[in-house]
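Hi everyone, thanks for making time. I'll put the structure up and then talk through how the strands pair and how the chains meet.

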Number of protein chains: 4
Amino acid sequence: MDYKIFKRAVNYYETDKMQVVHHSNYIRFLEECRMDFLKQIGFDYDLLEEAGIMIPVLSVSCNYRTPARFGEVITIVPKVERFHGVKFDMSYKIYNEDMTVLHNDATSSHCFVDFDFKPVRIDKLMPELCEMFKEVVKIDLI
Amino acid sequence: MDYKIFKRAVNYYETDKMQVVHHSNYIRFLEECRMDFLKQIGFDYDLLEEAGIMIPVLSVSCNYRTPARFGEVITIVPKVERFHGVKFDMSYKIYNEDMTVLHNDATSSHCFVDFDFKPVRIDKLMPELCEMFKEVVKIDLI
Amino acid sequence: MDYKIFKRAVNYYETDKMQVVHHSNYIRFLEECRMDFLKQIGFDYDLLEEAGIMIPVLSVSCNYRTPARFGEVITIVPKVERFHGVKFDMSYKIYNEDMTVLHNDATSSHCFVDFDFKPVRIDKLMPELCEMFKEVVKIDLI
Amino acid sequence: MDYKIFKRAVNYYETDKMQVVHHSNYIRFLEECRMDFLKQIGFDYDLLEEAGIMIPVLSVSCNYRTPARFGEVITIVPKVERFHGVKFDMSYKIYNEDMTVLHNDATSSHCFVDFDFKPVRIDKLMPELCEMFKEVVKIDLI
């Protein structure tokens with residue numbers, strides 16, 4: 001798979017008075033990376049929403065190792081750990097720009113639901129997209 | 001009118017690396033104060049949304065005078081400057097807890113729309129609520 | 001211990017286009033609750049910072065059970081799971097106002113550091129405060 | 001001047017339950033654009049902070065014309081309206097990706113201060129950088 005790694009600059013408003021990125025913002029960075037990843041494998045979130053599907057978060061965890069700072073570019077490497085018809089699990093490593101410093105490692109779990117938050121069997125509804133998804137399970141993207 | 005002034009503590013995550021509240025957060029504090037104010041005069045946002053009405057922001061302005069800091073409680077005094085059938089303008093003063101220091105003064109303008117962002121004549125739709133609204137125009141709440 | 005349970009309203013700006021609270025915001029709510037809790041047991045964050053001490057987050061985890069919505073008041077019940085000289089672990093339950101619905105359960109781990117992020121032996125530096133802290137370990141606050 | 005226009009995707013967490021970008025986030029987008037602009041003209045914020053200088057916001061205003069939505073890329077065109085030794089004023093236009101839709105127009109005013117928020121005569125301290133700044137006043141960057 002031809003995957004373009006997710007990178008983005010740290011914004012000033014994402015820092016706190018410890019003068020580093022506030023810990024809650026990494027959870028947002030994971031979402032940015034995940035949306036980008038899903039788009040790259042064909043799961044464009046806009047298209048999903050047109051089909052009446054949302055992908056809420058079931059759980060997140062994050063281990064903070066080295067604080068990221070304003071002025072820095074971070075790199076996030078996602079990995080699909082598991083995928084079946086209604087749920088999927090991801091893991092992430094958040095590095096500095098040249099990937100010599102690990103800022104965080106993290107996980108998230110998700111399901112597919114309709115606009116009433118009822119589970120949707122995405123494998124039945126979008127079987128072809130799901131084939132693509134299955135192919136990236138356990139794959140190191142870089 | 002029996003109005004309870006809006007007060008709230010500054011949160012740690014609302015600070016930035018200048019070690020004061022990030023300027024964008026005051027725009028959010030204004031929203032908190034406005035929602036609280038609207039509720040107090042009978043315009044409960046939940047009820048409005050049930051009636052298919054939203055109150056988007058047409059414009060905001062904010063003058064930053066003294067930075068607010070974590071650990072502090074801020075007080076916001078709102079005022080309705082103008083109200084007619086589709087729009088209203090508000091002004092705000094954001095103080096420290098005992099109102100001896102002015103942190104900001106600000107304004108916002110709003111309209112009433114349906115879920116497709118089309119203007120709604122709130123004065124026709126909810127005439128009684130609007131009477132209450134008209135009564136607070138230009139009134140100093142404290 | 002005479003503990004006042006943490007409650008706060010959900011703000012409009014904390015929702016996302018799923019029309020519920022964005023998952024990252026619960027991480028912020030935990031911080032609000034934790035700061036409030038630490039203050040109630042005598043660890044006022046302002047005083048800590050005056051003493052050159054910060055309490056960064058080492059890890060967080062959150063399980064999302066039922067989405068919280070705008071217009072709602074949430075209740076957070078914290079618990080100290082473990083405390084020793086440099087670190088402590090907390091768990092949290094986030095409920096609706098009357099505590100009949102569990103929105104989330106969560107955990108966080110923390111350490112005490114100086115402004116250069118070097119670990120501080122808080123038990124040596126502030127032994128009396130630490131006694132108070134030890135007393136709340138494993139205590140159900142409500 | 002060889003200026004690269006600021007573009008960025010709208011993030012999911014930046015939407016609210018109106019299903020569009022929450023109005024407070026545009027204030028953050030302005031900061032992103034401004035930091036990028038300052039860097040491009042040589043005022044790298046990191047270097048300023050090393051020199052003990054911060055650039056707080058004195059005022060902002062924003063007119064909301066068309067809501068931006070998740071999945072969209074926005075373009076921001078900044079302009080320096082005025083610059084003298086301690087202060088500067090900027091204006092901004094926030095467009096959609098191909099600049100056919102104007103989402104917002106906005107302004108911000110700033111000053112240069114030291115870490116105690118005391119004004120700094122940047123023109124005395126960094127005369128060469130200021131020459132560059134003066135050259136972009138009133139210049140349309142695209």
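So, D:Tyr92 has D:Ala106 as its bridge partner, over in strand 5 of chain D. That pair belongs to a ladder of 9 bridges between strand 4 (residues 87-96) and strand 5 (residues 102-111) of chain D, which run antiparallel. By strands and helices I mean DSSP runs numbered from the N terminus: E of at least two residues for strands, H or I of at least four for helices. Two strands count as paired once DSSP finds at least two bridges between them.

Quick housekeeping: this is a predicted model, with local features needing pLDDT of at least 70, side-chain atom pairs counting only at pLDDT 80 or more, and totals for chains, interfaces and linings using all residues. Residues are numbered from 1 along each chain as its sequence is written, while chains are lettered from A and ligands numbered from 1 in the order written.

Zoom out, and chains B and D share an open sheet of 10 strands, antiparallel in its pairing, in the order 1(B)-3(B)-4(B)-5(B)-2(B)-2(D)-5(D)-4(D)-3(D)-1(D). The edges are strand 1 (6-9) of chain B and strand 1 (6-9) of chain D; each has a single partner strand, so one side of each has no neighbour in the sheet. On average, neighbouring strands here are turned by 20° against each other, direction ignored; for angles, axes are lines fitted to C-alpha atoms, for helices over the stretch in contact, and the range is 0 to 180 degrees between N-to-C directions.

Now, chains A and C. How many residues does the contact take from each chain? It takes 17 from chain C and 17 from chain A, where contact means C-beta atoms, placed from the backbone, within 7 Å. On the chain C side, helix 1 (23-40) and strand 2 (57-64) each supply at least two residues, and strand 2 gives the most, with 8.

Strand 2 (residues 57-64) of chain A and strand 2 of chain C run antiparallel, joined by 5 bridges. One example is A:Val60, whose bridge partner is C:Cys62.

What about symmetry? Chain C superposes on chain A by a rotation of 180° with 0.0 Å of shift along the axis, RMSD 0.0 Å, using least squares on C-alpha atoms of residues with pLDDT of at least 70 in both copies. That's the relation of a two-fold axis. In chain C, the C-alpha nearest that axis belongs to C:Ser61, at 2.0 Å. And 100% of the interface residues of chain C are also interface residues in chain A, so the copies meet through the same surface.

Terms used: Contact = placed C-beta atoms within 7 Å.
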